[in-house]
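Student: I am new to this structure. Please pick one part and take me through it closely.

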Amino acid sequence: MFVPEKSETSIDKILVDGADAVALGRFSLVVKANGRHLSMLVAFHFTVESRYLVRLHLYEDTDLVARAVTASD
């Protein structure tokens, strides 16, 4: 779906409170099918119990992704 060698991911902040952690960052991606570039802020919410990652939620702009992958040039 995306061109791996043109993709970039960055994490700007990590916040931890007990078993929960939030990572804030950005995805910069290029769609394989049409060459469109998209850049968006993302957030991950992790929950760790007994040293194991038990939950992961990803928050991203799904409308932006949908428009980028369905748009044709």
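Tutor: What follows is a close look at strand 3 (37-49) and the residues around it.

Two notes come before the tour. This is a predicted model, where local features need pLDDT of at least 70, side-chain atom pairs count only at pLDDT 80 or more, and totals for chains, interfaces and linings use all residues. Residues are numbered from 1 along each chain as its sequence is written, and side-chain values use heavy atoms, with hydrogens and water left out.

Start with the nonpolar core. A nonpolar core is a set of buried Ala, Val, Leu, Ile, Met, Phe, Trp, Tyr and Cys residues joined through side-chain atoms within 4.5 Å. Buried means under 20% relative accessible area, exposed means over 50%, and partly exposed lies in between (1.4 Å probe, protein chains only). The largest core here has 10 residues: Ala23, Phe27, Leu29, Val31, Leu38, Met40, Val42, Phe44, Val65 and Ala68. Strand 2 (20-30), strand 3 and helix 1 (62-70) each give two or more residues to this core. Strand 3 supplies the largest share, four residues. These elements are DSSP runs, numbered from the N terminus: helices are H or I with at least four residues, strands are E with at least two. In soluble globular proteins, nonpolar side chains tend to be buried together.

Leu29 is one of the core residues. Leu29 touches Phe2, Ser7, Arg36, His37, Leu38 and Met40, leaving aside residues up to four places away in sequence. A touch, or contact, means heavy atoms within 4.5 Å.

Now the rings. Two aromatic pairs turn up in a search of the whole structure. Phe44 and Phe46 have ring centres 5.9 Å apart and planes at 15°, so this pair is stacked. The cut-offs are these: rings of Phe, Tyr and Trp (its six-membered ring) pair if their centres lie within 6.5 Å, and planes under 30 degrees apart are stacked, over 60 edge-to-face, the rest tilted. Phe44 is buried, at 16% relative accessibility, while Phe46 is partly exposed, at 24%. Phe27 joins Phe44 and Phe46 in one aromatic cluster.

Move along to Thr47, also in strand 3. Thr47 is buried, with a relative accessible area of 6%. The Thr47 side chain makes a polar contact with the Asp20 side chain, at 3.0 Å. A polar contact is a pair of N or O atoms within 3.5 Å; within protein, one must be able to donate a hydrogen and the other to accept it, and residues adjacent in sequence count only if both atoms are side-chain atoms. Residues that Thr47 touches include Ala19, Tyr52 and Val54.

Glu49 belongs to strand 3 too. Glu49 is partly exposed, at 43% relative accessibility. The C-alpha atoms of Glu49 and Ser39 are separated by 32 Å, and these residues are 10 apart along the chain.

Next come the loops. Asn34 sits in the loop between strand 2 and strand 3. Asn34 is buried, at 16% relative accessibility. The Asn34 side chain reaches the backbone nitrogen of Arg36 at 2.9 Å.

Ser50 lies in the loop between strand 3 and strand 4 (52-59). Arg51 lies in the loop between strand 3 and strand 4. Most residues other than glycine have a negative phi. Ser50 has a positive phi near 50°, and Arg51 has a positive phi of about 70°. Ser50 is exposed, at 64%, and Arg51 is exposed, at 78%.
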